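This report describes the fold of a single protein model, beginning with its sheet and continuing with the helices that pack around it. The sequence and structure are shown first.

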Amino acid sequence: MLKIVAACGNGMGTSMIIKLKVEKICKSLNLEASVEALSMGQAKGLVNSADIIICSTHLVDNFDGSRKAKIVGVRNLMDEKEIEAALSKVINE
């Protein structure tokens, strides 16, 4: 099972929206995943335990890319097609 973290820089609202979209996408792709909605501070602490961290592109540089988690940046967090394309890319690497 994949462990995916949806992170946002301003509290929890945006990350909860991302979480719901990621869960929907994972279901449509038949991927078994647990998805958490967290703040940036909380998400930074999970770079060694999460498989994927998804956030806005302008927040990607806040994460240490040399850790276990693959960091996925998305420009439009409301665009399910963009989120699905970004997730599919890192899942298939």
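## Sheet and helix packing

Ile53 stands opposite Ile71 in β4. The model in which this pairing appears is a predicted one. Strand β3, residues 52-56, pairs with β4 in the parallel sense over five bridges. Ile53 also has a counterpart in β1, since Val5 stands opposite Ile53 in β3.

These strands belong to an open sheet of four strands, in the order β2-β1-β3-β4, with parallel pairing. Its edge strands are β2 (33-39) and β4 (70-74), each of which pairs on one side only. On average, neighbouring strands of this sheet are turned by 25° against each other, direction ignored. In general, strands of a sheet pair through backbone hydrogen bonds, either parallel or antiparallel. The pairings in this sheet are listed below.

| Strand pair | Sense | Bridges | Opposed residues |
|---|---|---|---|
| β1 and β2 | parallel | seven | Lys3 and Ser34 |
| β1 and β3 | parallel | three | Val5 and Ile53 |
| β3 and β4 | parallel | five | Ile53 and Ile71 |

Strand β1 is mostly covered, with five of its seven residues buried.

### Helix α3

Helix α3, residues 80-91, lies across β1 (2-8), β3 and β4 and runs at about 160° to β4. The helix has 12 residues and reaches 16 Å from its first C-alpha to its last, close to the 16 Å expected at 1.5 Å a residue. At the start of α3, a side-chain oxygen of Asp79 reaches to within 3.0 Å of the backbone nitrogen of Lys81.

Which residues of α3 are buried? They are Ile83, Ala86, Leu87 and Val90. These residues lie on the same side of α3 because they cover an arc of only 95° around the axis. The cover over the buried residues of α3 includes α1 (13-28), β3 and β4. Lys81 and Lys89, by contrast, are exposed and sit on the face of α3 turned away from its buried side.

### Helix α1 and the loop that follows

Two residues of helix α1 merit separate description. Ser15 is found in helix α1. With a relative accessibility of 0%, Ser15 counts as buried. Leaving aside its neighbours within four places in sequence, Ser15 is in contact with Ala6, Ala7, Cys8, Ala37 and Leu38.

Lys21 is also found in helix α1. Is Lys21 buried or exposed? Its relative accessible area is 16%, and Lys21 therefore counts as buried, the cut-off being under 20%. Not counting residues up to four places away in sequence, Lys21 touches Leu77, Met78, Glu80 and Ile83. Of these contacts, Ile83 is one of the buried residues of α3.

Asn30 lies in the loop between α1 and β2. Its phi is near 60°, a positive value in a residue other than glycine. Asn30 has a relative accessible area of 71% and is exposed.

Notes: Residues numbered from 1 in each chain as written. Predicted model: local features only at pLDDT ≥ 70, side-chain atom pairs only at ≥ 80, totals over all residues. Heavy atoms only, no water. Pairing = 2+ DSSP bridges. Helix = DSSP H or I, 4+ residues; strand = E, 2+ residues; numbered from the N terminus. Axes fitted to C-alpha atoms, helices over the stretch in contact; angles between N-to-C directions. Contact = heavy atoms within 4.5 Å. Expected span 1.5 Å × (residues − 1). Buried < 20%, exposed > 50% of the residue type's maximum accessible area, 1.4 Å probe, protein only. Arc of directions from axis to C-beta. Polar contact = N/O pair within 3.5 Å; in protein donor to acceptor, adjacent residues only side chain to side chain.
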